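Reader: I would be grateful for a close examination of one part of this structure, namely its charged side chains and their surroundings. Please set the general architecture out beforehand.

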Amino acid sequence: MPTIRFAGRSVDCLEGANLRVVLVRARLPLYNDAARALNCRGRGLCGTCAVRVEGPVSEPTTAESRRLGAGSGLRLACQCKVMGDLEVTKLAGFFGNRGPGQGG
């Protein structure tokens, strides 16, 4: 059973589980600011669930490639299937894609 470490907490899930669903059900802070209310609810359209993921997950989907572009180092939680233990990081900004010093 994979363990996801995120925001100082750990949560277990089944292998193949959707990362967004696991984080939302565990009431972990996947969305920043207004994105808590203004998001596409897991359809891969808005990009507000972008996270940095370290560990085994499914291959990027077409929706992720369109939304995030190549080489961003980010994934859409709503498009990721958990395949093993993960370390997940949410960056700053509405879409969660701003590193330190990049503004909001």
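How many helices and strands make up the secondary structure of the protein? And, as the part to be examined closely, what surrounds Arg20, and which residues is Arg20 in contact with beyond its neighbours within four places in sequence?

Author: The model is a predicted one, and the description that follows should be read in that light. The secondary structure consists of two helices and five strands. Taken in sequence order, these elements give the pattern β-β-α-β-α-β-β.

As to overall dimensions, the C-alpha atoms occupy a box of roughly 35 × 30 × 25 Å along the principal axes. The radius of gyration is 13 Å, which agrees with the value near 13 Å that a compact globule of 104 residues would have. Of these 104 residues, 46% are buried. Among contacts with a separation of 6 or more, 54% are between residues 24 or more positions apart. The accessible surface amounts to about 5,800 Å², and carbon and sulfur atoms contribute 50% of that surface.

Arg20 itself belongs to helix 1, which spans residues 19-25. Arg20 is buried and yet has no salt bridge. The nearest side chain of opposite charge is that of Glu64, at a distance of 12 Å. A salt bridge requires a side-chain nitrogen of Lys or Arg within 4 Å of a carboxyl oxygen of Asp or Glu, and the 12 Å separating Arg20 from Glu64 does not satisfy that requirement. Arg20 does, however, have a polar partner: its side chain and that of Tyr31 are joined by a polar contact of 2.7 Å.

The wider surroundings of Arg20 can now be given. Apart from its neighbours within four places in sequence, Arg20 is in contact with Leu30, Tyr31, Asn39, Arg41, Gly42, Ala77 and Cys78. Tyr31 thus appears in this list as well as in the polar contact. Another member of the list, Arg41, lies in the loop between helix 1 and strand 3 (50-54). The phi angle of Arg41 is near 60°, a positive value in a residue other than glycine. Arg41 has a relative accessibility of 46% and therefore counts as partly exposed, whereas Arg20 is buried. A positive phi is also found at Ala7, where the angle is near 55°; Ala7 sits in the loop between strand 1 (3-6) and strand 2 (9-12).

Glu64 leads on to the matter of charge pairing. Side chains of opposite charge can pair when their charged atoms come close. In this protein the count of salt bridges is two. One of them links Arg75 with Glu64, at 2.6 Å from N to O. Arg75 is in strand 4 (residues 75-76) and Glu64 in helix 2 (residues 62-68), so this pair ties together parts that are eleven residues apart in sequence. Both partners are buried: Arg75 has a relative accessibility of 11%, and Glu64 one of 3%. The acidic side chain listed as nearest to Arg20 is therefore one that already meets Arg75 in a salt bridge, tying helix 2 to strand 4.

The other salt bridge is formed by the side chains of Arg5 and Glu87, at 3.0 Å from N to O. Since Arg5 lies in strand 1 and Glu87 in strand 5 (residues 86-89), the pair ties together parts that are 82 residues apart in sequence. Here both partners are partly exposed, with relative accessibilities of 34% for Arg5 and 31% for Glu87.

Key:
Residues numbered from 1 in each chain as written. Predicted model: local features only at pLDDT ≥ 70, side-chain atom pairs only at ≥ 80, totals over all residues. Heavy atoms only, no water. Helix = DSSP H or I, 4+ residues; strand = E, 2+ residues; numbered from the N terminus. Buried < 20%, exposed > 50% of the residue type's maximum accessible area, 1.4 Å probe, protein only. Lys, Arg positive; Asp, Glu negative; His and termini not counted. Polar contact = N/O pair within 3.5 Å; in protein donor to acceptor, adjacent residues only side chain to side chain. Contact = heavy atoms within 4.5 Å. Rg over C-alpha atoms; globule rule 2.2 N^0.38 Å. Areas by Shrake-Rupley, 256 points an atom, 1.4 Å probe, with all protein chains shown as cover.
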